[in-house]
Amino acid sequence: MANMSINLVLYHGSLLPHELVPSQLRLARTRVLATNRALEVSTERWSFYGSSCCCYCFHFNGCSCRWKWLVRSCSTIESVIASDENYGNKQVVSLTPRLYNYILENVREPEILRQLREDTASMRGSQMQVSPEQAQLLAMLVQTLGAERCIEVGIYTGYSSLAIALVLPESGYLAACERDAKSLEVAKKYYHLAGVSHKVDVKQGLAAESLEFLILNGEAGSYDFAFIDADKRMTPKYFELLLQLVRVGGLIVIDNVLWHGKVADPLVNDSKTISIRNFNQQLMEDKRVSISMVPIGDGITICRKN
């Protein structure tokens with residue numbers, strides 16, 4: 001095989017925001033000779049936001065390291081491959097800034113949602129707002145399900161709840177649970193501007209108490225769709241309450257299940273990460289729901305109540 005010039009980076013462990021990832025590196029071009037022998041990559045240096053780091057020499061065959069991911073960048077192709085060969089070396093696209101910008105350019109974002117997103121961008125905690133492509137998926141799930149009654153736990157300034165309300169029928173109903181009064185002011189403003197205030201029932205206060213009240217009010221099994229995006233340590237509690245409120249065949253969607261990649265890093269053991277990691281494992285074993293974990297935004301899991 002002829003010599004090729006490619007960019008090659010190996011990672012040991014999960015990819016966290018503070019770690020070096022291909023989209024953040026300005027790599028020097030590395031000369032790689034691909035033969036039938038072990039692939040060897042010589043030491044190179046690159047710059048990273050003005051700093052310099054070192055990439056060591058790796059030997060694929062006979063290497064004692066347990067490299068979890070191979071991230072490749074050749075021309076415009078960037079992908080990851082599972083370390084387990086039983087997955088057939090399937091290449092999965094790696095979301096780089098350029099590719100993510102392309103995705104955003106292909107999101108059909110209503111003008112009112114764009115305005116809300118831009119107003120929220122300057123607010124404290126703006127990173128809590130769901131991404132446009134994520135809100136688009138939530139709205140499509142609601143439409144596909146033919147949902148008429150929905151619940152959202154943790155609405156912040158209302159981007160995802162507004163996306164849902166916009167696709168609900170005129171007779172639709174969304175119970176929007178949020179405890180922060182300042183965030184709710186923004187949300188209510190945009191519900192009004194979008195003409196969906198009659199569809200949204202804002203429930204200010206602790207979400208668990210609001211959900212328990214709905215159950216006591218005889219509303220168990222009457223909801224089609226629910227979305228959880230609130231205190232991560234409370235997610236198991238919210239999930240159990242929503243399982244009572246959502247009908248058989250209905251959907252419960254949980255946000256932040258990948259938690260910036262921390263859930264896959266055994267060295268990260270703060271309370272939020274542990275809570276999310278444990279909840280993900282519990283869902284894997286929960287036969288009451290069918291599940292699909294989707295790497296969109298910060299990761300969501302879609303649960304269908306059996």
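**Three packed helices and four loop residues**

Reader: Is Asn 256 buried or exposed, given its relative accessible area?
Author: In this predicted model, the relative accessible area of Asn 256 comes to 11%. A residue has to fall under 20% to be placed in the buried class. The value for Asn 256 meets that condition, and therefore Asn 256 counts as buried.

Reader: Where does Asn 256 lie, and what is its phi?
Author: Asn 256 belongs to the loop that runs between β14 (246-255) and α8 (271-285). Its phi is positive although the residue is not a glycine. The angle for Asn 256 is near 65 degrees.

Reader: How does His 260 count by its relative accessibility?
Author: His 260 is also placed in the loop between β14 and α8, and its phi, near 60 degrees, is another positive value in a residue other than glycine. Its relative accessibility is 38%, whereas buried residues are under 20% and exposed ones over 50%. Because the value lies in between, His 260 counts as partly exposed.

Reader: Which class of accessibility does Ser 94 fall into?
Author: Ser 94 sits in the loop between β9 (91-93) and α1 (97-105). Leaving aside residues up to four places away in sequence, it touches Glu 78, Ser 79, Val 80 and Leu 99. Its relative accessible area is 17%, and since the cut-off for this class is under 20%, Ser 94 is buried.

Reader: Arg 179 is in the loop between β11 (173-178) and α5 (181-194), so what distance separates its C-alpha atom from that of Gln 204?
Author: Arg 179 is exposed, with a relative accessible area of 60%, and yet it has contacts with Gln 204, Gly 205 and Leu 206, when residues up to four places away in sequence are not counted. Arg 179 and Gln 204 are 25 residues apart along the chain. The separation of their C-alpha atoms is 4.9 Å.

Reader: How are α2 and α5 directed relative to each other?
Author: Helix α2 (residues 111-121) packs against α5 at an angle of about 160 degrees, and the two axes are 10 Å apart. Angles over 145 degrees are classed together, and therefore the directions of α2 and α5 are roughly antiparallel.

Reader: How many nonpolar residues are in the contact of α2 with α5?
Author: From α2 the contact takes Ile 112, Gln 115, Leu 116 and Asp 119, and from α5 it takes Val 186, Lys 189, Tyr 190, Leu 193 and Ala 194. By class, 2 of these residues are charged and 1 is polar, while the nonpolar ones number 6.

Reader: How are α4 and α5 directed relative to each other, and how many charged residues does their contact have?
Author: The axes of α4 and α5 are 10 Å apart at an angle of about 25 degrees, and because angles under 35 degrees form one class, these two helices are roughly parallel. Ser 161, Leu 162 and Leu 166 in α4 meet Tyr 190, Tyr 191 and Ala 194 in α5. This contact has 5 nonpolar residues and 1 polar residue, and the number of charged residues is none.

Reader: Which residue class is represented by 7 members in the contact of α2 with α4?
Author: The axes of α2 and α4 come within 10 Å and cross at roughly 170 degrees, which makes the pair roughly antiparallel. Ile 112, Leu 113, Leu 116 and Arg 117 of α2 make the contact with Tyr 159, Leu 162, Ala 163 and Leu 166 of α4. With 1 charged residue and no polar ones, the class with 7 members is nonpolar.

Reader: Within what arc do the buried residues of α2 fall?
Author: Ile 112, Leu 113, Leu 116 and Thr 120 are the buried residues of α2. Seen down the helix axis they share an arc, so they line one face of α2. What covers them includes α4 (159-167) and α5. The arc of these buried residues is within 100 degrees.

Reader: What share of the protein's 306 residues is buried?
Author: The secondary structure of the protein comes to 8 helices and 16 strands. Among contacts between residues at least 6 apart in sequence, 62% join residues at least 24 apart. The buried share of the 306 residues is 44%.

Note on methods
Residues are numbered from 1 along each chain as its sequence is written. This is a predicted model: local features need pLDDT of at least 70, side-chain atom pairs count only at pLDDT 80 or more; totals for chains, interfaces and linings use all residues. Side-chain values use heavy atoms; hydrogens and water are left out. Buried means under 20% relative accessible area, exposed over 50%, partly exposed in between (1.4 Å probe, protein chains only). Contact means heavy atoms within 4.5 Å. Axes are lines fitted to C-alpha atoms, for helices over the stretch in contact, and angles run from 0 to 180 degrees between N-to-C directions. Helices (H or I, at least four residues) and strands (E, at least two) are DSSP runs, numbered from the N terminus. Angles under 35 degrees count as roughly parallel, over 145 as roughly antiparallel, 65 to 115 as roughly perpendicular and the rest as oblique. Ala, Val, Leu, Ile, Met, Phe, Trp, Tyr, Cys and Pro count as nonpolar, Asp, Glu, Lys and Arg as charged, and the others, Gly among them, as polar. The arc is that of the directions from the helix axis to the C-beta atoms.
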